[in-house]
Amino acid sequence: MDNLSKLSEMLDSLMFERELNLTQLANEVGIEKATLSRYFRALMTPSVENLVKLADYFQCTTDYLLGRETENYPTVFKPCPPFSEQLIVLKKHFNCPWWNFYKTAHISSSRFYEWKNGKRTPTLDCIIFLADGFGCTVDFIIGRTKM
């Protein structure tokens with residue numbers, strides 16, 4: 001996944017700017033050092049929750065961390081609502097049927113309805129598919145910013 005290598009590069013750059021090592025970052029954000037190491041080496045995709053923790057710590061957008069944006073624009077970030085609630089906001093905003101979400105996210109309808117009913121949360125890959133498919137930011141899809 002190209003986003004993984006971009007995340008790795010961005011983490012390296014942001015950590016260098018703040019003169020942080022993995023142990024310090026792990027302690028600051030509350031993510032295991034071994035997990036951060038896997039992100040840093042582009043071996044593991046972070047959960048949406050961990051991506052948000054990193055973005056909050058570095059005061060940047062998730063899209064900036066993923067290399068989807070080249071500039072970190074000052075933004076007011078909101079706490080992410082449960083994804084089942086955010087789906088309702090997205091449906092109203094994009095004015096589209098539910099089936100469009102699971103087709104855009106490249107998942108089964110049953111998996112989508114688990115999201116909708118709050119039984120599961122989407123993977124970062126699915127969130128990125130939704131952001132690409134709807135032409136918006138990852139932060140908007142997860143409810144961290146307004147469109």
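**Exercise 1.** Leaving aside neighbours within four places in sequence, find which residues A105 is in contact with.

*Solution.* Contact means heavy atoms within 4.5 Å. With the neighbours within four places in sequence set aside, A105 is in contact with W115, C126, F129 and L130. Next, place the residue: A105 sits in the loop between α7 (98–104) and α8 (109–116); helices are DSSP runs (H or I) of at least four residues, numbered from the N terminus. Last, take its accessibility: A105 has 1% relative accessibility and counts as buried. Buried means under 20% relative accessible area, exposed over 50%, and partly exposed in between, with a 1.4 Å probe and protein chains only.

The model is predicted: local features need pLDDT of at least 70, side-chain atom pairs count only at pLDDT 80 or more, and totals for chains, interfaces and linings use all residues. Residues are numbered from 1 along each chain as its sequence is written, and side-chain values use heavy atoms, without hydrogens and water.

**Exercise 2.** Count the disulfides, then explain why C80 does not form one with its closest cysteine.

*Solution.* A disulfide is a pair of cysteine sulfur atoms within 2.5 Å. For C80, the closest cysteine sulfur is in C60, 13 Å away, so it is too far for a bond. For C96, the closest is in C136, at 11 Å, also too far for a bond. The count is zero disulfides.

**Exercise 3.** State whether C80 and C96 are buried or partly exposed.

*Solution.* C80 has 32% relative accessibility and is partly exposed. C96 has a relative accessible area of 9% and is buried.

Terms used:
Helices (H or I, at least four residues) and strands (E, at least two) are DSSP runs, numbered from the N terminus.
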